Amino acid sequence: MNSNIYKSSLSLYPFVMVALLFISSCAENKKKSSVDNTENSVIGTNANDVIPFFQHWNLILGDGTNAGQAINYENKNFFYTTKEGKENWVVYKTPNAGNTHGTSNNTRTELAQLKKWLPTNDAKMNATLKVMNVSNTGDASVASTYAVVVGQIHSADGHENEPLKIFYKKFPGHDKGSVFWNYEINTAGDDNSKRWDYSYPIWGYDFSVVGTTKDTYPPEPNDGITLGEEFSYEVAIKDGIMHLTFTSEGHETKTFTKNLTKSEYTKSSSIPQQTQHLFVPIGQDGVEREDGYANEGLFFKLGCYNQTNGKDPKVNKVWCSGAETHGGDIQKQYADGNYAEVWFKSASIEISDHAISNAGYFEANDGLSQKIVYPNEVISFMDKFKILMGNGTTVEELTEFEDKDFFYTVIDGTRRWVVYKTPNSGVTSPNSSNTRTELQEKSEWTPEEGGRLTGTCKVMQVSISGDARVAASYAVVVGQIHSGEGHENEPLKIFYKKFPGQDKGSVFWNYEINTAGNDNSGRWDYSTAVWGHDMSVIGKSKNDYPAEPKDGIALGEEFSYEVNVYKGIMYLTFKSENHQTKTFTKNLIKSDYVNQSDLPTQVRRLFVPIGQDGTESATAYSGELGYFKQGAYNQTNGKDPKANMVWCAGAETYGGDIAKQYENGCYAEVWFREATVGPGVPQQ
């Protein structure tokens with residue numbers, strides 16, 4: 001076999017060479033990183049004196065910086081050397097929150113190999129290390145909390161997934177933690193959002209063992225590894241097979257093999273039970289390419305890749321930890337244990353002569369976490385809409401537009417989303433009491449002409465204050481049809497509503513009558529439940545909440561809707577994984593409510609007592625121009641319920657201070673990952 005072999009034991013370098021390197025580094029003062037950093041210095045022993053292989057890696061720091069080849073280099077915040085007894089160690093340290101690299105949620109101080117190789121090439125990585133700290137805060141029910149990755153194989157091509165991640169994880173209060181390794185599938189097709197990991201225990205538990213609540217921990221593993229206890233790994237790739245060996249004094253040596261060029265997971269029926277338990281409930285249920293990672297360039301990574309972050313667990317119950325981050329202040333995180341730290345005393349890599357440059361990966365990922373990804377890059381139809389935001393600002397052209405307070409994009413660990421966010425009180429449209437960050441279609445159409453709108457979304461927040469007797473409290477509208485003529489009423493509003501203290505909320509849709517005559521004050525909505533309750537289910541007093549819906553939708557749980565208006569008929573379809581698909585039809589050009597006797601019981605109970613008892617024009621919305629709206633139309637406001645016991649929510653608004661409302665949960669936030677708009681089509 002022809003190979004270049006790079007070994008990492010200090011004994012491979014003569015003492016004279018080490019001395020020369022030290023003298024040379026002193027003469028040059030210090031190696032400059034890619035950014036000016038006053039924390040960088042060379043004092044005494046350098047990392048390449050301890051493990052002389054840094055010419056084969058770029059070093060990514062916990063502030064997102066690519067420091068390049070870490071020769072004669074240190075950074076006192078992230079990467080330096082230390083001595084314990086007679087042994088020198090290289091320290092990798094990174095906080096729970098800072099700037100990261102590529103599309104990850106997590107910070108890292110980690111080496112990334114400068115060359116990439118195919119799974120059919122020979123490659124090897126060895127390391128001896130000890131984990132000195134993992135975050136002491138986070139949500140125990142989230143699998144990645146309290147964990148750090150100390151070595152991995154990463155793909156530079158395709159989805160850039162990870163066929164190997166070696167983890168250490170320890171719950172607070174335990175002496176022993178677990179070491180396990182994960183295989184991430186190379187998802188079939190172009191959509192990588194359904195990717196998942198399968199986890200193998202080495203010592204202690206696998207990744208799927210989590211707490212039943214935020215602060216409940218499973219039993220301590222009997223055969224675990226303590227903080228500060230050494231262990232070693234060897235990763236060897238030969239003929240498409242990954243061979244893993246793990247050793248630690250006083251523990252059984254463990255070996256594993258995994259085929260990287262032939263998948264076990266090509267059908268939904270082959271998804272393992274562990275994955276069905278951990279990933280499928282959050283919609284990550286993909287299948288793998290038949291040839292796995294064949295023909296993709298792979299590369300090693302080594303160091304401290306913190307798996308604990310400050311993102312809200314309702315975003316992703318596997319990867320978003322909800323840990324303390326002190327607003328990104330690194331020193332505060334270091335001061336109270338909100339970081340990961342790993343020490344390495346030896347390491348080596350061997351790669352084939354067939355390995356090639358990995359520059360493309362760094363070009364694609366360096367600085368990506370700081371790059372603005374505009375909403376129109378996630379959902380392409382933005383040129384067909386304008387937007388009204390929660391501060392009253394209207395923007396007509398949405399190409400390459402964002403506003404970090406109201407309308408922007410995020411990545412949740414699996415895919416990009418467009419965020420619509422709006423407070424309980426701000427500035428809104430002339431005919432409404434409620435703020436919105438909401439798209440408005442530029443084109444208009446009649447029910448006879450038709451139109452079609454789709455959306456896949458998840459509601460991340462509804463106001464936590466309000467009056468439970470008021471039907472609109474704790475609710476947000478995520479899609480609607482609005483009339484642009486006549487009374488300018490709304491033949492469709494799609495709501496999400498969740499009462500405080502409950503896990504599940506309701507999805508329902510309302511039809512507002514197109515009131516007969518010139519007086520629109522008698523208008524009312526009829527509400528139809530999709531999952532959970534309809535709008536009329538309210539509390540008996542301000543802080544009295546009805547029973548939680550059994551078939552409801554949680555915050556952060558995806559659902560999708562299709563609104564298809566064709567030849568005057570509105571067809572609605574609602575879908576959500578693990579929920580029954582619901583369909584409805586409504587005639588928009590012929591009314592069901594032309595007489596007082598037609599008023600539904602629900603309306604008589606909810607609207608008639610406040611004087612809203614109108615009837616509808618016989619032709620409903622026939623011939624009226626209307627348009628679609630989509631986003632976050634907050635239904636919770638600060639108006640006194642005495643003014644209107646259906647629409648005036650009496651919520652906290654902090655005098656209209658938007659920042660304070662955001663800080664205290666008095667806002668609505670909705671994320672969309674897919675949406676389309678176009679003409680109506682014949683219903684299938």
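# Exercises on a predicted model

Asp191, Arg415, Glu558, Arg673 and Glu674 are tied together by a network of salt bridges. Keep in mind that this is a predicted model. By the rule used here, the count of salt bridges comes to 33. Let's work through a few of them, then move on to single residues and a strand.

## Exercise 1: a link across the chain

Task: find out where the partners arginine 415 and glutamate 558 sit, and whether each is buried, partly exposed or exposed.

Solution:

1. Start with the bond itself. Arginine 415 makes a salt bridge with glutamate 558, and the closest N and O atoms are 3.4 Å apart.
2. Now place both ends. Arginine 415 lies in the loop between strand S21 (407-411) and strand S22 (416-423), while glutamate 558 lies in the loop between strand S29 (553-554) and strand S30 (559-566). The two are 143 residues apart, so this pair links distant parts of the chain.
3. Next, check accessibility. Buried means under 20%. Arginine 415 has 14% relative accessibility, so it counts as buried.
4. Glutamate 558 has a relative accessible area of 24%, so it is partly exposed.

## Exercise 2: two more salt bridges

Task: for the pairs lysine 404 with glutamate 402 and arginine 469 with aspartate 467, give the N to O distance and sort the partners by accessibility.

Solution:

1. Lysine 404 and glutamate 402 meet through their side chains at 3.4 Å, N to O.
2. Lysine 404 counts as exposed because its relative accessibility is 52%, and the cut-off for exposed is over 50%.
3. Glutamate 402 has a relative accessible area of 17%, so it is buried.
4. In the other salt bridge, the closest N and O atoms of arginine 469 and aspartate 467 are 2.6 Å apart.
5. Arginine 469 comes out as partly exposed because it has 32% relative accessibility. Aspartate 467 has 2%, so it counts as buried.

## Exercise 3: two residues and their surroundings

Task: describe where threonine 573 and glutamate 290 are, and what each one touches.

Solution:

1. Threonine 573 belongs to strand S31, which covers residues 569-575.
2. With 13% relative accessibility, threonine 573 counts as buried.
3. Skip its neighbours within four places in sequence, and threonine 573 is in contact with Ser560, Tyr561, Glu562, Thr581, Lys582, Thr583 and Gln683.
4. Glutamate 290 sits in the loop between helix H3 (273-278) and strand S16 (298-306).
5. Glutamate 290 has a relative accessible area of 64%, so it is exposed.
6. Leaving out residues up to four places away in sequence, glutamate 290 touches Thr261, Lys262, Ser263 and Thr266.
7. For a sense of spacing, take serine 199: its C-alpha atom is 20 Å from that of glutamate 290, and the two residues are 91 residues apart along the chain.

## Exercise 4: strand S8 and its partners

Task: work out why strand S8 is described as largely enclosed, then look at how S8 pairs with S9 and S16.

Solution:

1. Strand S8 spans residues 147-155, and 9 of its 9 residues are buried, so the rest of the structure largely encloses it.
2. S8 pairs with strand S9 (residues 164-169) in the antiparallel sense, over 6 bridges. Here isoleucine 153 stands opposite leucine 164 in S9.
3. S8 and S16 also run antiparallel, joined by 7 bridges. In this pairing, valine 149 faces tyrosine 305 of S16.

Terms used. Residues numbered from 1 in each chain as written. Predicted model: local features only at pLDDT ≥ 70, side-chain atom pairs only at ≥ 80, totals over all residues. Heavy atoms only, no water. Helix = DSSP H or I, 4+ residues; strand = E, 2+ residues; numbered from the N terminus. Buried < 20%, exposed > 50% of the residue type's maximum accessible area, 1.4 Å probe, protein only. Contact = heavy atoms within 4.5 Å. Salt bridge = Lys/Arg side-chain N within 4 Å of Asp/Glu carboxyl O. Pairing = 2+ DSSP bridges.
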